[in-house]
Amino acid sequence: MSSQLSASALDARFRLQRGTLQLEVDLRFDANELVVLVGPNGSGKTSLLHAIAGLVPVDSGSIRLAGEELDNPEA
């Protein structure tokens, strides 16, 4: 992927804390890419997806999809 994001890209850079779980996320990928989340129970896979879907607000950072900001608590 080029250093410049396409308009259909997901750019998720955020921090999220839920109980004792602390997530620091830095993801960027294009709409044509296949992404797989793997990890042990309790590693934050579902929390990550909930944040990207807008079901859980992030503590800091931002989530952008197709150039549109979906979540940014600092804005």
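**Exercise 1. Follow Arg-64 across the strands.**

Task: Find which residue is the bridge partner of Arg-64 in β4, then find which residue of β1 stands opposite Arg-64.

Solution:
- Step 1. Arg-64 has Glu-69 as its bridge partner in β4. Strands here are DSSP runs of E with at least two residues, helices are runs of H or I with at least four, and both are numbered from the N terminus.
- Step 2. β4 covers residues 68-71 and runs antiparallel to β3, with three bridges joining them. Two strands count as paired if DSSP finds at least two bridges between them.
- Step 3. Asp-11 stands opposite Arg-64 in β3. β3 (residues 60-65) and β1 pair in the antiparallel sense over six bridges.
- Step 4. Look at the turn. The β3 and β4 hairpin has two residues between the strands, and Ala-66 takes a positive phi near 55° there.

Before going on, note that this is a predicted model: local features need pLDDT of at least 70, side-chain atom pairs count only at pLDDT 80 or more, and totals for chains, interfaces and linings use all residues. Residues are numbered from 1 along each chain as its sequence is written, and side-chain values use heavy atoms, with hydrogens and water left out.

**Exercise 2. Lay out the fold.**

Task: State in what order the elements run from the N terminus on.

Solution:
- Step 1. Count the elements: one helix and four strands.
- Step 2. Read along the chain: β-β-α-β-β.

**Exercise 3. Classify Ser-62.**

Task: Decide whether Ser-62 is buried or exposed, and list its contacts.

Solution:
- Step 1. Locate Ser-62: its place is in strand β3.
- Step 2. Its relative accessible area is 17%, so Ser-62 is buried. Buried means under 20%, exposed over 50%, and partly exposed in between (1.4 Å probe, protein chains only).
- Step 3. Leave aside neighbours within four places in sequence. Ser-62 is then in contact (heavy atoms within 4.5 Å) with Asp-11, Ala-12, Arg-13, Phe-14, Glu-69, Asp-71 and Asn-72.

**Exercise 4. Assemble the core.**

Task: Work out which element gives the most to the largest nonpolar core.

Solution:
- Step 1. A nonpolar core is a set of buried Ala, Val, Leu, Ile, Met, Phe, Trp, Tyr and Cys residues joined through side-chain atoms within 4.5 Å.
- Step 2. The largest has 12 residues, including Phe-14, Leu-23, Phe-29 and Leu-48.
- Step 3. β1 (10-18), β2 (21-29) and α1 (45-53) each give two or more residues. β1 gives the most, with four.
- Step 4. Check one member. Phe-29 lies in strand β2 and is buried at 19% relative accessible area.
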